[in-house]
Amino acid sequence: MEKEESEKNAYTAEGELAGKVALVTGAGRGIGRSIALTLAKMGAVVLVNYNGSRERALEVVEEIEKAGGQGETIGCDVSDYEACGRMAEEIIHKYARLDILVNNAGITKDNLILRMTEAEYDKVLDTNLKGAFNTIRHLSRYFLKQRSGKIINISSVSGVAGNAGQANYSASKAGLIGLTKSVARELAGRGVCVNAVAPGFIDTEMTNALSGKVRENAIASIPMGRIGSGGDVAGLVAFLAGNRSDYITGQVICVDGGMAM
Ligand code: NDP
């Protein structure tokens, strides 16, 4: 009896998400791509959302299938409320369920506050914060019906600690933390966990766009002395998506090599 119990709780990442359906927004490249590949490896059917990068999203699905997994692309601009409604309907029509929602889609439009335009502010808030509201608003009813589910919002250490030149981005990512905690409280009684992941400085096109000097300074501020990878973030998302984290909700966990401690 004792042995059976311990085996039930043994950590087996492979197959842990078998039978689950996951939507990862902005999964054609960067961190979203790593998350999609990881969840698929764990057995989930992964819906690879894209906005501009259709070809790259198709390549992610190809990679998933080559590794023996299952996935498909789903186009949608997450900042568009109505379009998110249509995406939700499409998913439920086809799969009749959704178990994991990863709100990863995000953009930057950096500028000092004195120079930041209204358009730069609005665009970043619409994508990073309202985008997550849009998907959660349209999909949470299914999580509630199922009485289970995992919502994981990709925030940022900029949302935890602020960052010069990123007032719009930091506001959106701090807003995501408030959204996470409020929705976590609303859905907790029905077995739905809602958490935020706050990456530090991760090697993607977003950070490659920064100047050499900015990158150098950022890396110098990381106690672990190295830039993170998409896989570093995906590892935590995998844990939060699976059943080993069933008693964890409303949390913000940094994946940042110690940057924000
Ligand atoms: P990338 O710039 O590499 O990728 C951004 C992704 O977001 C793309 O897949 C893009 O899709 C998607 N996206 C942007 N706008 C929309 C939209 N309107 N609708 C749907 N998808 C959209 O960024 P990262 O991979 O680096 O970042 C992923 C997430 O992690 C973001 O939320 C970012 O803020 C966060 N983060 C990143 C850090 C880093 O150091 N890289 C640090 C902390 C947080 P498409 O190309 O199809 O338009």
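The following passage describes the surroundings of the ligand and the second largest pocket in a predicted model. Residues are numbered from 1 along each chain as its sequence is written, and side-chain values use heavy atoms, with hydrogens and water left out. Local features need pLDDT of at least 70 and side-chain atom pairs count only at pLDDT 80 or more, whereas totals for chains, interfaces and linings use all residues.

Around the ligand stand 30 residues, of which Arg29, Ser53, Asn104, Tyr169 and Thr204 come nearest (a residue is near if one of its heavy atoms lies within 4 Å). By class, this shell comprises twelve nonpolar, 14 polar and four charged residues. At least two residues each are supplied by α2 (30-41), β2 (45-50), α7 (167-187) and α8 (205-208), and α8 gives the most, with three.

Oxygen atoms of the ligand take part in polar contacts (pairs of N or O atoms within 3.5 Å): a polar side-chain atom of Ser53 lies 2.5 Å from one, an N or O atom in the side chain of Arg29 is at 2.7 Å, and a backbone N or O atom of Ile31 is at 2.8 Å. Taken alone the ligand exposes 880 Å², of which the protein buries 94% (Shrake-Rupley method, 1.4 Å probe).

The second largest pocket (an open set of points on a 1 Å grid over the protein atoms alone, where a 1.4 Å probe fits, with protein on both sides within 12 Å along at least five of seven lines; lining residues have an atom within 4 Å of a point) holds about 270 Å³ of space. Its lining has 19 residues, with Gly149, Lys150, Gly191, Cys193 and Asp246 nearest the centre, and β5 (149-154) and β6 (192-199) are the elements that give two or more residues to this lining.

Notes: Grid points are joined across faces, edges and corners, and a volume is the space filled by probe spheres set on the points. Helices (H or I, at least four residues) and strands (E, at least two) are DSSP runs, numbered from the N terminus. A polar contact is a pair of N or O atoms within 3.5 Å; within protein, one must be able to donate a hydrogen and the other to accept it, and residues adjacent in sequence count only if both atoms are side-chain atoms. Ala, Val, Leu, Ile, Met, Phe, Trp, Tyr, Cys and Pro count as nonpolar, Asp, Glu, Lys and Arg as charged, and the others, Gly among them, as polar.
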